[in-house]
Amino acid sequence: MKQVILDTNVLVSALLFKGRLTRLVELWQNGLIIPVISRETFTELRQVLHYPKFALTADEIKAIIEDEILPFFDVVDVAENADGVCRDPYDDMFLAVAVSAQASYIVTGDKDLLALERYGAAKIVSPQEFLEKIDN
């Protein structure tokens, strides 16, 4: 089983929108991947789920977290610092999680992360690339 870091935009798209990325939800529900989060990335996810554009109620957000995240995701304590690695310093938290978890992949649509191609043992790939690798 592969430990995978899903950036927040990918994770939100997989959870909230019907489309190709819902395959990611199936993969973690069936134990084919293990998504990994840290306290910092989980906090960001919770903040994003509260954005007015998603129009989610408090109960809906609670259900997403309790039914889709907590039973399937590993939470790691970030032991490695990745400050200053990415062009966008805000994205360094995903790199730190990947190294701390010894993850195989970071799945992102973020150009600043994708430009790195790899960090530690983690390949940095688009959602489409990741799904092609997993499904083949």
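**Exercise 1. The crossing of H2 and H7**

Task: Decide whether the crossing of H2 and H7 is left-handed or right-handed, and describe how these helices pack.

Solution:
- Start with the ground rules. The model is predicted, so local features need pLDDT of at least 70 and side-chain atom pairs pLDDT 80 or more, while totals for chains, interfaces and linings use all residues. Residues are numbered from 1 along each chain as its sequence is written, and side-chain values use heavy atoms, leaving out hydrogens and water.
- Locate the elements. H2 covers residues 22-29, and H7 covers 127-135. Helices (H or I, at least four residues) and strands (E, at least two) are DSSP runs, numbered from the N terminus.
- Take the axes. Those of H2 and H7 cross at roughly 45° and come within 11 Å. Axes are lines fitted to C-alpha atoms, for helices over the stretch in contact, and angles run from 0 to 180 degrees between N-to-C directions.
- Name the angle. H2 is therefore oblique to H7. Under 35 degrees is roughly parallel, over 145 roughly antiparallel, 65 to 115 roughly perpendicular, and the rest oblique.
- Read the hand. H2 and H7 make a left-handed crossing. Left-handed means the near helix is turned anticlockwise from the far one by less than a right angle; clockwise is right-handed.
- List the partners. From H2 come Arg-23, Leu-24 and Leu-27; from H7 come Phe-130, Leu-131, Ile-134 and Asp-135. Contact means heavy atoms within 4.5 Å.
- Sort them. This contact of H2 with H7 holds five nonpolar, no polar and two charged residues. Nonpolar covers Ala, Val, Leu, Ile, Met, Phe, Trp, Tyr, Cys and Pro; charged covers Asp, Glu, Lys and Arg; the others, Gly among them, are polar.

**Exercise 2. The buried faces of H2 and H7**

Task: Find the buried residues of H2 and of H7, then say where they point and what they pack against.

Solution:
- Pick out H2. Leu-24, Val-25, Leu-27 and Trp-28 are its buried residues. Buried means under 20% relative accessible area, exposed over 50%, partly exposed in between (1.4 Å probe, protein chains only).
- Look down the axis of H2. The buried residues fall within an arc of 160°, so they line one face of the helix. The arc is that of the directions from the helix axis to the C-beta atoms.
- Find their cover. The buried residues of H2 pack against S1 (2-6), H1, S2 (33-37), H4 (58-69) and H7.
- Repeat for H7. Its buried residues are Pro-127, Phe-130 and Leu-131. They sit within an arc of 95° seen down the axis of H7, so they line one face as well.
- Find the cover of H7. It includes S1, H1, H2, S2, S4 and S6.

**Exercise 3. H1 and its partners**

Task: Describe how H1 packs with H3 and with H4.

Solution:
- Begin with H3. H1 (residues 8-16) and H3 (residues 39-49) pack at about 50°, with axes 10 Å apart. H1 is therefore oblique to H3. Their crossing is right-handed.
- Name the contacts. Thr-8, Leu-11, Val-12 and Leu-16 of H1 meet Thr-41, Glu-44, Leu-45, Val-48 and Leu-49 of H3. The contact has six nonpolar, two polar and one charged residues.
- Move to H4. The axes of H1 and H4 cross at roughly 95° and come within 12 Å. That makes H1 and H4 roughly perpendicular to each other.
- Name these contacts too. Leu-11, Leu-15 and Leu-16 of H1 meet Ile-64, Glu-68 and Ile-69 of H4. By class, there are five nonpolar, no polar and one charged.

**Exercise 4. Positive phi angles**

Task: Give the phi, place and exposure of Gln-102 and Glu-117, and add the phi of Gly-31.

Solution:
- Recall the rule. Most residues other than glycine have a negative phi.
- Take Gln-102. It is not a glycine, yet its phi is positive, about 55°. Gln-102 sits in the loop between H5 (92-101) and S4 (105-107). Its relative accessibility is 66%, so it is exposed.
- Take Glu-117. Its phi is also positive, about 65°, and it is not a glycine. Glu-117 lies in the loop between H6 (111-114) and S5 (118-119). With 59% relative accessible area, Glu-117 is exposed.
- Add Gly-31. Just after H2, it takes a positive phi of about 75°.

**Exercise 5. Two loop residues**

Task: Place Ala-121 and Leu-32, and state how exposed each is.

Solution:
- Place Ala-121. It lies in the loop between S5 and S6 (122-125). Its relative accessible area is 57%, so it is exposed.
- Find its neighbours. Not counting residues up to four places away in sequence, Ala-121 touches Ala-103 and Ser-104.
- Place Leu-32. It is in the loop between H2 and S2. At 46% relative accessibility, Leu-32 is partly exposed.
- Check one distance. Leu-32 and Gln-3 are 29 residues apart along the chain, and their C-alpha atoms are separated by 9.4 Å.
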